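Got the viewer open? Here is a short tour, stop by stop, with something to select at each one.

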Amino acid sequence: KDGSYLYLLATTDKTPSSDVSKQVVKQTSVLDNYIKNINWDNIITKVIMVTISLILISLLFLIIHSVGKKIITRSFATAKKKDANYSIGRLGTIYTLTQNIFHYCVLFFYFYAILSILGIPVSTLLASAGIVSVALGLGAQGFVTDIVTGFFILLEQQFSVGDVVKINTITGKIHAVGLRTTQVISDDGTLNFIPNRSITVVSNMSRNNMQAVIDIRLDPKKDAGEMKKIIAQVNQKIVPDLPEIVTGPTILGVVPLTNGELVFRVTAYTKNGAQATVQRILLDNYLRALKDAGFNIPTSPLNLGATA
């Protein structure tokens, strides 16, 4: 009995381990057969062909992009020479916009070609775009608003490249006008990228003649009439040498400021962008002539800080 029990126990102990080993051997053989049946030559050939196709299509679109930009640049350079009806700023605006549109078109067709080479069904993706249009639309609202706003800015010719404008709190010269953003260079050289959707009020200072205002503080010991004569003589002398002045200068005489102080004011209308230069030239000549005539023009008080 003891012998038969030990034999039965040994038999039952070996059965599970033998089944496990058979299963492992079976799975290993199946995996080996699967790996052996893979056509590695076809896979390697396909990978090489796809890689070569991607490199060639990338080089092709790179050449198209480079040649297209050169053609656009030369076309606008020729248009500037032949057609004088368009301003330089307007041509610059259309040029930057054309460059942006061409860039996005080339980029779109490049990605389309890449997806086609990789075997991704682009037509199916485009057909199913309506499924994700709601989700994408929520995230692309700002993008669409930028494009629509930029289109109306160009259509209404609110500003052109080279114009001096004030947009919100930023004042400077228009550097480029794109589909999404407008680039403005401030006086200190800062390049500002302004999304078109945030452009609500535009103050264009390059469309009409600008006014230069010259305020001179009064000498309490001198007559304002004598001051007027000196300023008129200076105007007769220097205005012919200032072609930037369109109208004036006009002597307004004594006017009050908001703080109650009285000043002698002269105004002149200049070409856009020249108002600051004309203002400095006139003020410098006025002060010099008044000083030579014995006027003691008081300086503005300088407050360096408050004391407790």
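Before you click on anything, one cut-off: a residue counts as buried when its relative accessible area is under 20%, as exposed when that area is over 50%, and as partly exposed in between. Keep in mind as well that this is a predicted model.

**Stop 1: the whole chain**

Show everything as a cartoon and you should find 8 helices and 8 strands. The chain has 308 residues, and 23% of them count as buried. Switch on the surface: the accessible part comes to about 21300 Å², with 62% of that area belonging to carbon and sulfur atoms. If you like contact maps, take the contacts with a separation of 6 or more; residues 24 or more positions apart account for 62% of them.

**Stop 2: Phe76**

Now select phenylalanine 76, which sits in helix α2, residues 40-82. Is phenylalanine 76 buried or exposed? Its relative accessibility is 16%, so with the cut-off at 20% it goes down as buried. Add tyrosine 95 to the selection and draw a C-alpha to C-alpha distance: you get 6.8 Å for a pair 19 residues apart along the chain.

**Stop 3: strand β1 and the loop after it**

Move on to isoleucine 167, which belongs to strand β1. This one is buried, at a relative accessible area of 1%. Show side chains around it and look for its contacts beyond four places in sequence: Phe159, Ile174, Val184, Ile194, Ile199, Val201 and Val202. Threonine 200 is worth a click too, as its C-alpha lies 7.9 Å from that of isoleucine 167, with their positions 33 residues apart in sequence.

Then select asparagine 168, in the loop between β1 (164-167) and β2 (170-177). What is the phi of asparagine 168? It is positive, about 60°, although the residue is not a glycine. For background, most residues other than glycine have a negative phi. Asparagine 168 is partly exposed, with a relative accessible area of 38%.

**Stop 4: α7 against α8**

Hide the rest and keep helix α7 (residues 224-238) and helix α8 (residues 275-292). Their axes come within 10 Å and cross at roughly 130°. The two helices are therefore oblique to each other, and the crossing is right-handed.

Which residues make the contact? From α7, pick Met227, Ile230, Ile231, Val234, Asn235 and Ile238; from α8, pick Leu282, Asn285, Tyr286, Ala289 and Leu290. Color them by type and you will see 9 nonpolar residues, 2 polar ones and no charged ones.

**Stop 5: Tyr286**

Finish by zooming in on tyrosine 286 in helix α8. Its relative accessible area is 0%, so it counts as buried. Leaving out neighbours within four places in sequence, tyrosine 286 touches Ile231, Val234 and Asn235, and also Ile214, Ile216, Pro249 and Val266. For a last distance, go from the C-alpha of tyrosine 286 to that of isoleucine 230: the two are 56 residues apart along the chain and 7.9 Å apart in space.

Key: Residues numbered from 1 in each chain as written. Predicted model: local features only at pLDDT ≥ 70, side-chain atom pairs only at ≥ 80, totals over all residues. Heavy atoms only, no water. Axes fitted to C-alpha atoms, helices over the stretch in contact; angles between N-to-C directions. Helix = DSSP H or I, 4+ residues; strand = E, 2+ residues; numbered from the N terminus. Parallel < 35°, antiparallel > 145°, perpendicular 65-115°, else oblique. Left-handed = near helix turned anticlockwise from the far one by under 90°. Contact = heavy atoms within 4.5 Å. Nonpolar A, V, L, I, M, F, W, Y, C, P; charged D, E, K, R; others polar. Buried < 20%, exposed > 50% of the residue type's maximum accessible area, 1.4 Å probe, protein only. Areas by Shrake-Rupley, 256 points an atom, 1.4 Å probe, with all protein chains shown as cover.
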